[in-house]
Amino acid sequence: MITKYTSDIFEILRRGQFICSNSPDDDIQTLYKVLEDEDTFENLYEYFYNINYILEQGDEYFYFSRPNEKNIDIERKIEKAFSWIDILDFLKTYDSAFTVGFRFTVSEIHSQLKNNADLKTKLENLKKIGSEKKNYSDRIKKIIEKLEKDNYITLENEITETYKVLTSLNYLIDLINTINIPEEIANEIPE
Amino acid sequence: MKTFNNIKELVTTLNREEKLLSEMFTKRKSLNYKKNYALELVDFDEERIEKLLQFSVIRENGGFLEIDDTFLEFFEQILDVNEEINLSYINENIKSIKENINYYLEENNENRKYGYLKFIKKTFRKIGIVTLKSVVDLRRNIENTFKNESNYKIKQLKLENLDEKRMIVKDLINQTLSLITNEEITFFKTATDEELNRIIKELKYSLSECTHNLIEIEKQIIDYLNQIKHQGKFIEKLRKLKYLKDQFLILSETDIRQVLSNKNQVIFEKRSTEPLNLSIDFLRENENAFEIIKRVAKRNSDKLNYKPLIAESISDEFLEDSIEEEVMINFDEVRNRFVATSDNLFNFIMTYDFLKEVSFDERVTIFCQMASQYENEFNFEPEFEVNNGIEYALVYPK
């Protein structure tokens, strides 16, 4: 046992979640501070490495990865990345300022549907997520829940149902930035 | 076009139409202020509007009214809400100070000299105020633009323009400072005026404050521009990927497969449950364990109890007693009778009265059964006889 938080850290990261610096959850904040300490980080890195997890530090967040690919098939990864692209595109259409620290509610997005035809079309095209739900509000909720499950956003205020974008979104942004579109293809894409 | 004869006339006129003017001022951005609305605010007295039009306080344009530019600018400046940052003032002021310093130095008449000095002092004071004001305006405009402008391209252009303005203000501050400290040394040495000294000091102070503010603004603007650039680039990239994805080209045209195959994050893994077995020691020793078991048991009892499937009740028909009689042949009886005779078995059976109808074939079967069952009690002769096409052995009792 390296710190008394080791098991807490492990439990969170093992589920593919992030430990973010701007999480509204005090416990996560504490864990982030623990991990921020360089010595602790190095010790924990060694510790987790022995059980086949790599503790990694991103821009204001921590996460686990695996030393070598084992039981993750590429199709699954692509599937996941696709749904992230869809959702992020939808939310960026809602508000281009959708990025780390952004706050929003489902009803705000819902009310935008009336004024923003583009947003509405995109929601209707998001067939894979929440298509079994009939009304828009439920479908938006479903989309938000999916992003919440992947730990990119979190419910900050239960009363007003305000969500907050966590620093882990930087991971997604980095991922998208890493994907390379060859220039001749990029030029063919209409604006 | 009439002009106001004195301040009193101007102020009373404005005061009388305060309602209309303040309403029009708040709606100055919407451009269309209908004359009908205006009439309501002046108690439907068209003459009052007419008067304002005569003095050019407001203008009429095809049924719409607007406040005249001179007044609008005046109001905006006084109320500190102007969005345009007009820097030509400072520039002109610097020029006129230079001119007046020259006049001052050339003038011999004390009275006139004093007049020039007064103008110079006034202008210096004005420079201080105008510069500070434009810095404050600049800052407010930058923030407004960044937060409220929805179009990314326009936002970027506006911020770039504001950045240019910032450069001009900075330049003007430098000009003013060099005017005070380097260029007109003679003037400042000769004009030993207490008030001038104080004004210059205040001006220096407010200009250095402006410089500090400008540095901060510069930082802010660079940050905003970077954010826009970054965001804009990112959104563009995202849209492109989305487009490729929707066209089913993303896998073939980008390196997404390769990028993802290098990513071994746990987030991509399936969240597996761990079917760990319970510790026997725990179940045995822990007090909570029993509580948990009870709780689980209780939860299970809530579930529907599946009743075993029951077959339909047996109908009464099947339960009624039904008697069926069948006459059975008692071989022992037949044997006893046969033993008492001297006839052979076949003939005996053919003629035996069984108390019921027994056909020839059945009698043959009975013969065979008897012969095999009581083999030891009968004598089998080696001769055969034929009856009804059947060859049979002659069997006698022993």
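Here is a chat between a trainee and a mentor about a predicted model with chains A and B.

Trainee: What makes us say that chains A and B touch each other?
Mentor: Residues count as in contact if their C-beta atoms lie within 7 Å. By that test, 35 residues of chain A are in contact with 28 residues of chain B.

Trainee: Which parts of chain A supply that side?
Mentor: At least two residues each come from α1 (6–14), β3 (61–65), α4 (74–94), α8 (169–178) and α9 (183–188) of chain A. The biggest giver is α4(A), with 11 residues. Sorted by kind, the residues on this side of chain A are 18 nonpolar, seven polar and 10 charged.

Trainee: How do you know that A:Leu119 in helix α6 (residues 117–125) of chain A is buried?
Mentor: A residue is called buried if 20 or more other C-beta atoms lie within 10 Å of its own. A:Leu119 is listed as buried, along with A:Lys122 and A:Leu123.

Trainee: Why do we say that the buried residues of α6(A) line one face?
Mentor: Look down the axis of α6(A): its buried residues fall within an arc of 100°, so they line one face of the helix. The face turned away from that buried side carries exposed residues, namely A:Ala117, A:Asp118, A:Thr121, A:Glu124 and A:Asn125.

Trainee: And what do the buried residues of α6(A) pack against?
Mentor: They pack against α4, α5 (106–115) and α7 (136–149) of chain A.

Trainee: What makes a group of residues a nonpolar core?
Mentor: The members are buried residues of certain nonpolar kinds, joined through C-beta atoms within 7 Å. The largest such core here has 48 residues, and A:Ile19, A:Phe62 and A:Tyr63 touch the most other members. Its largest share, seven residues, comes from α4(A). There's also a second, separate core of 23 residues, which includes B:Phe124, B:Leu162, B:Leu207 and B:Tyr224.

Trainee: Which residues does A:Phe62 touch, leaving out those up to four places away in sequence?
Mentor: A:Phe62 touches A:Leu13, A:Phe18, A:Ile19, A:Leu35, A:Leu55, A:Glu56 and A:Gln57.

Trainee: How do you know that strand β2 (residues 54–58) of chain A and β3(A) are paired?
Mentor: Two strands pair if DSSP finds at least two bridges between them. β2(A) and β3(A) have five bridges and run antiparallel, so they pass the test. One of the bridges has A:Glu56 partnered with A:Tyr63. The two strands form a hairpin with two residues between them, and A:Glu60 in the turn has a positive phi of about 70°.

Trainee: What about strands β4 (residues 378–387) and β5 (residues 390–397) of chain B: how many bridges join them?
Mentor: Seven bridges join β4(B) to β5(B), and these strands run antiparallel too. B:Phe380 stands opposite B:Val395 in β5(B). Their hairpin has two residues between the strands, and B:Asn388 takes a positive phi near 55°.

Trainee: Why are β1 (33–34) and β2 (58–61) of chain B said to stand at the edges?
Mentor: The open sheet has three strands in the order β1-β3-β2 (chain B), with antiparallel pairing. β1(B) and β2(B) each have a single partner strand, so one side of each is left without a neighbour in the sheet. For β2(B), the pairing with strand β3 (residues 64–67) of chain B covers four bridges. In one of them, B:Glu60 has B:Leu65 as its bridge partner.

Conventions:
Residues are numbered from 1 along each chain as its sequence is written. Chains are lettered from A and ligands numbered from 1 in the order in which they are written. This is a predicted model: local features need pLDDT of at least 70, side-chain atom pairs count only at pLDDT 80 or more; totals for chains, interfaces and linings use all residues. Two residues are in contact if their C-beta atoms, placed from the backbone, lie within 7 Å. Ala, Val, Leu, Ile, Met, Phe, Trp, Tyr, Cys and Pro count as nonpolar, Asp, Glu, Lys and Arg as charged, and the others, Gly among them, as polar. A residue is buried if 20 or more other C-beta atoms lie within 10 Å of its own, exposed if 12 or fewer, and partly exposed in between; C-beta atoms are placed from the backbone. The arc is that of the directions from the helix axis to the C-beta atoms.
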